[in-house]
Amino acid sequence: MRKLRASRVGVDQGNVEVFSDFASGGDMWTGSGSRERRKAVSFSEPFSTVPTVHVTLSLWDIDQGANVRADLQADNVTARGFELVFRTWADTRVARVRMSWMAIGEVKGEDDWEVFS
């Protein structure tokens, strides 16, 4: 468990279209087997330490004729941002995906100083 100082907790959030492959005939819609898409996200301002990031689907447009398979992840998380990751496999056909995210972590206080030597 991470324990944060209450006066220095920051929350940032967003909603991002990761891909839309239906109209363009992209591989999430027309392909099969293992497939992955990544989307870089920058926080509105940096956290002072690496935050905890939660991701979820906010839109999932899929073909009803195939099995539903998805793996969601926040990868390469830093104090400045992270990558949203959507994976699927086998015969799943995905037209488009939008993902929501929320980052919670410690932020710099107004009394914090950076000393350069």
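Ring pairs link F43, F47, F82 and W101 into a cluster. I start there, and then I will go through the strands, the salt bridges and one patch on the surface. Please keep in mind that this is a predicted model.

First, the rings. How many aromatic pairs does the structure hold? The count is 6. One of them joins F43 and F47. Their ring centres are 5.0 Å apart, and the planes make an angle of 85 degrees, so the pair is edge-to-face, given that anything over 60 degrees goes into that class. Are these two residues buried or exposed? F43 has 7% relative accessibility and is therefore buried, because the limit for buried is under 20%. F47, at 5% relative accessibility, is buried as well.

Two other rings have an arginine over the face. R37 sits over the face of F19, 5.2 Å from the ring centre. R93 does the same with W29, and there the distance to the ring centre is 4.0 Å.

Next, the strands, and I will build this part around β5. Strand β5 covers residues 81–88. How many of its 8 residues are buried? The answer is 6, so the strand is mostly covered.

Which strands pair with β5? One is β2, residues 35–42, which runs antiparallel to β5 and is joined to it by 8 bridges. Another is β4, residues 71–75, also antiparallel to β5, with 5 bridges. You can see both pairings at V85. In β2, the bridge partner of V85 is R38. Q73 also stands opposite V85 in β5.

Between β4 and β5 there is a hairpin with 5 residues between the strands. In that hairpin, N76 takes a positive phi near 55 degrees.

A general remark for those new to strands. In a regular strand, side chains alternate between the two faces of the sheet.

Now the salt bridges. The count for the model is 10. I will take three of them.

The first is between the side chains of R37 and D27, with 2.7 Å from N to O. R37 belongs to strand β2 and D27 to helix α1, residues 27–30, so the pair links distant parts of the chain, 10 residues apart. R37 is the residue we already met over the ring of F19. How covered are the two partners? R37 has a relative accessible area of 22% and is partly exposed. D27 is partly exposed too, at 38% relative accessibility.

The second salt bridge is E83 with R38, where the closest N and O atoms are 2.8 Å apart. Here E83 is in strand β5 and R38 is in strand β2, and the two are 45 residues apart. We have already heard that β2 and β5 are paired. E83 is partly exposed at 23% relative accessibility, and R38 is partly exposed with a relative accessible area of 33%.

The third is R87 with D71, with 3.2 Å between the closest N and O atoms. R87 lies in β5 and D71 in β4, so this pair ties together parts that are 16 residues apart in sequence. Both partners are partly exposed: R87 at 21% relative accessibility, and D71 at 32%.

Which residues are linked in a network of salt bridges? They are E36, R38, D71, D75, E83 and R87. Both the second and the third salt bridge I described have their residues in that network.

Last, the surface. V9, V11, M102 and I104 form a nonpolar patch there, and together they have about 300 Å² of accessible area. Where do these residues come from? Strands β1 and β6 each supply at least two residues of the patch. V9 is in β1, residues 9–20, and I104 is in β6, which covers residues 94–106.

How exposed are V9 and I104? V9 is partly exposed, with a relative accessible area of 36%. I104 counts as partly exposed at 35% relative accessibility. The range for that class runs from 20% to 50%, so both values fall inside it.

One last distance for V9. Its C-alpha atom is separated from that of S48 by 9.9 Å, and the two residues are 39 apart along the chain.

That is the end of my part.

Note on methods. Residues numbered from 1 in each chain as written. Predicted model: local features only at pLDDT ≥ 70, side-chain atom pairs only at ≥ 80, totals over all residues. Heavy atoms only, no water. Phe/Tyr/Trp six-rings, centres within 6.5 Å; stacked < 30°, edge-to-face > 60°. Buried < 20%, exposed > 50% of the residue type's maximum accessible area, 1.4 Å probe, protein only. Lys NZ or Arg CZ within 6 Å of the ring centre and 35° of its normal. Helix = DSSP H or I, 4+ residues; strand = E, 2+ residues; numbered from the N terminus. Patch = residues over 30% accessible without salt bridge, like charges linked within 9 Å, V, L, I, M, F, W, Y side chains within 5 Å. Areas by Shrake-Rupley, 256 points an atom, 1.4 Å probe, with all protein chains shown as cover. Salt bridge = Lys/Arg side-chain N within 4 Å of Asp/Glu carboxyl O. Pairing = 2+ DSSP bridges.
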